[in-house]
Amino acid sequence: MIKKLLLIIVIIITLYIVTIFMSPTLADKIENSFWFTWFNQKIRDLKSGADSTYTNIPSKEQFLETYDQAKIQAEIKAKEALNWVNEVKWNIDEVRSTLSWAASTYNEVKTSIETTKTQVETWVKAIKTTADTLNQVSNTLNWALSWTLNK
C-alpha cells in the first residue's frame, strides 16, 4: 500500500516536471494555484545549468589551457601566502625580541629596586643605631648632670 502511494507521488511529480517543459503556461497556472511560485523557475534553472554543463564540455586544448592558468594562479597564490607567512613570522620575531628586551629590563629594574631596598634598610638600621647611641649619650649626660647638681 505504501509502495503504491509512493509510486503515485513519484509519477505525479515526474509528470508535473515534464509539464513544466512541455506546457509552461499550464505548469505556471498550477504553480500559482498552489502558492509555490518559485518551484517552476528552480526546475528550469536546474535544467539550464545541467544543459550548459553537459553541452559545453571543453576540448582537450581548452582543458589544458584552463589547467595551466589555474596552475599559474595557484603558484601566485602560494607565493603570496608564503610572503604573508614570512611577514607574520618577522612580526612575531619582532614582538618576541621586544618582549625579551622588556623582560630583561624588568629584571634589571627589579634587581635595582631590591638593591636600593637593601641599602635603605641598611641606612634605616644605621640611623636607628645612631639614634639609640644619641639617646644613650643624652641619658648619660642627663644622669651625669643631675648627679652633679644633686651633690
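Here are two short exercises on this predicted model, each with a worked solution.

Before starting, note that residues are numbered from 1 along each chain as its sequence is written. In this predicted model, local features need pLDDT of at least 70 and side-chain atom pairs pLDDT 80 or more, totals for chains, interfaces and linings use all residues, and side-chain values use heavy atoms, leaving out hydrogens and water.

**Exercise 1.** Find how helices H2 and H3 are oriented to each other.

*Solution.* Start with the elements: H2 covers residues 24-33 and H3 residues 39-55 (helices are DSSP runs of H or I, at least four residues, numbered from the N terminus). Next, take the geometry: the angle is about 140° and the axes are 9 Å apart (axes are lines fitted to C-alpha atoms over the stretch in contact, and angles run from 0 to 180 degrees between N-to-C directions). Finally, classify: H2 and H3 are oblique, as angles under 35 degrees count as roughly parallel, over 145 as roughly antiparallel, 65 to 115 as roughly perpendicular and the rest as oblique.

**Exercise 2.** Work out which residues the salt bridges around Asp93 join into one network.

*Solution.* Apply the rule: a side-chain nitrogen of Lys or Arg lies within 4 Å of a carboxyl oxygen of Asp or Glu. Lys89 pairs with Asp93, with the closest N and O atoms 3.4 Å apart; both residues lie in helix H4, four residues apart. Then turn to Arg96, whose closest N and O atoms with Asp93 are 3.1 Å apart. Sharing partners, these salt bridges join Lys89, Asp93 and Arg96 into one network.

Note on methods. Helices (H or I, at least four residues) and strands (E, at least two) are DSSP runs, numbered from the N terminus.
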